[in-house]
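Work through these exercises with the structure open beside you. Try each task before you read its solution.

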Amino acid sequence: MKFGVVVFPGSNCDHDCYYVLNDVMKVKTDYIWHKQDEISGYDCIVLPGGFSYGDYLRTGAIARFSPVMKSLIEYAEKGGLVIGICNGFQILLESGLLPGAMLRNESLSFVCRDVRLNVENSRVPFTSCCKKGEILEIPVAHGEGNYYADEKTIKMLEDGGRVVFRYCGRDGKASKEANPNGSINDIAGICNEKGNVLGMMPHPERCSEKILGSADGKKIFNSIISHLTR
Amino acid sequence: MFLAKVYVTLKKSVLDPQGVTVKHALDSLGYRQVNDVRLGKYMEIKINSDDRQKAEVLLKEMCGKLLINPVIEEFRYDLEQK
């Protein structure tokens, strides 16, 4: 089993993802430089967080045209697992692998704090070890996580069970207070139709060891590994 | 040579949190006449072409591919021969 963490100029969560996968989860992991135009032999690709290309033009807009992306899109279309975290999610939206777009946070502030997520779909590889309705505590750190899509797209996501994570309170219920950025329907993470591509704003790689305050993020990496070994 | 001046704004249907905040600031300064504020981006692009039609086709293509995100943004432009 081999994971790949794509590194764009300006990625800054690539080392955290690598560390969690390689050192905490003990799975073979490679960095994939964005100029590499062919990727093969991977079981899951991570698009990490950060500020690829300085967030110039729009978040993820330039990274989407990096040489690695053509091969990544083909890999995803063939059913390969892809998880985009924060800026990685933004890149997935710009590349069209996931629908919708990101707007500035409603508060206009960069938000960096722990949030709670309700796992609404535990049938995808990324949540295969979670229970539906389980609450995960994972930090967010972003200025543009205000997920937006038109009504038709939102309906398609909701009806298809493609909202994997929704911001929620202690009771598991979605609320305006629990939502850090103003995203439509309190959406924190969505998947594609086949369920092999996930985009999420919160950072599971920042909370995969108890010493960091929460190890809930590990459940996501565990889910992927367990899905791949099944 | 053509100079394209591209104006990018959020679609009317998309809430513009920056515009809302600027409007509130204008309200607090006493400009009660301000009904709405929308913020956007302005780009200047020089295109090496002597053919207006070709320059226009190129510009639209660039907007569609990279310069704007059609999910949330729309654009208009002026094209000046230099």
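**Exercise 1. Contacts and overall form of chain A**

Among contacts in chain A between residues at least 6 apart in sequence, what percentage join residues at least 24 apart?

Solution. This is a predicted model. Take the contacts in chain A between residues at least 6 apart in sequence: 76% of them join residues at least 24 apart. Next, list the elements. Chain A has five helices and 11 strands. Then check the overall form. The radius of gyration of chain A is 16 Å, close to the 17 Å from the globule rule for 230 residues, so chain A is as compact as a globular protein of that length. The C-alpha trace of chain A spans about 40 × 35 × 35 Å along its principal axes. Last, burial: 55% of the 230 residues of chain A count as buried.

**Exercise 2. The nonpolar cores**

Find which residues touch the most other members of the largest nonpolar core.

Solution. Start with the core itself, which holds 73 residues. A:Val6, A:Val46 and A:Leu117 touch the most other members. Now look for another core. A second, separate one has eight residues, including B:Ala4, B:Val6, B:Leu67 and B:Ile68. Then go back to A:Val46 and leave aside its neighbours within four places in sequence. Its contacts include A:Phe3, A:Val5, A:Val6, A:Cys17, A:Ile83 and A:Ile85. A:Gly4 and A:Gly88 are also in contact with A:Val46. As background, nonpolar side chains in soluble globular proteins tend to be buried together.

**Exercise 3. The sheet of chain A**

Trace the order of the nine strands in the open sheet of chain A, then explain what the edges lack.

Solution. The order is β2-β1-β3-β4-β11-β10-β9-β6-β7, with mixed pairing. At the edges stand β2 (28-33) and β7 (135-142) of chain A. Each has a single partner strand, so one side of each is left without a neighbour in the sheet. Neighbouring strands of this sheet are turned by 25° against each other on average, direction ignored.

Now zoom in on one pair. Strand β3 (residues 44-47) and strand β4 (residues 81-85) of chain A pair in the parallel sense over four bridges. In this pair, A:Cys44 stands opposite A:Leu81. Finally, add a helix. Helix α3 (residues 87-95) of chain A lies across β3, β4 and β11 (197-200), running at about 115° to β4(A).

**Exercise 4. Two loop residues**

Decide whether A:Asp55 and A:Asp186 are buried or partly exposed.

Solution. Use the cut-off: 20 or more other C-beta atoms within 10 Å make a residue buried. A:Asp55 has 18 C-beta neighbours inside 10 Å, so A:Asp55 counts as partly exposed. A:Asp186 has 22 other C-beta atoms within 10 Å, so A:Asp186 is buried. Now place them. A:Asp55 is in the loop between β3 and α2 (67-77) of chain A. A:Asp186 is in the loop between β9 (163-168) and β10 (187-191) of chain A. Check the backbone too. Phi of A:Asp55 is near 60°, a positive value in a residue other than glycine. Phi of A:Asp186 is also near 60°.

**Exercise 5. Chain B and the interface**

Give the strand order in the sheet of chain B, then count the residues of each chain at the contact between A and B.

Solution. Three strands form an open antiparallel sheet in the order β2-β1-β3. Its edge strands are β2 (40-47) and β3 (73-81) of chain B. Eight bridges join β1 (residues 2-10) to β2(B). B:Ala4 stands opposite B:Ile45 in β2(B). For the interface, 10 residues of chain A are in contact with eight residues of chain B. The chain A side divides into six nonpolar, one polar and three charged residues.

Methods. Residues numbered from 1 in each chain as written. Chains lettered and ligands numbered in written order. Predicted model: local features only at pLDDT ≥ 70, side-chain atom pairs only at ≥ 80, totals over all residues. Contact = placed C-beta atoms within 7 Å. Nonpolar A, V, L, I, M, F, W, Y, C, P; charged D, E, K, R; others polar. Helix = DSSP H or I, 4+ residues; strand = E, 2+ residues; numbered from the N terminus. Rg over C-alpha atoms; globule rule 2.2 N^0.38 Å. Buried ≥ 20, exposed ≤ 12 C-beta atoms within 10 Å, placed from the backbone. Core = buried A, V, L, I, M, F, W, Y, C linked by C-beta atoms within 7 Å. Pairing = 2+ DSSP bridges. Axes fitted to C-alpha atoms, helices over the stretch in contact; angles between N-to-C directions.
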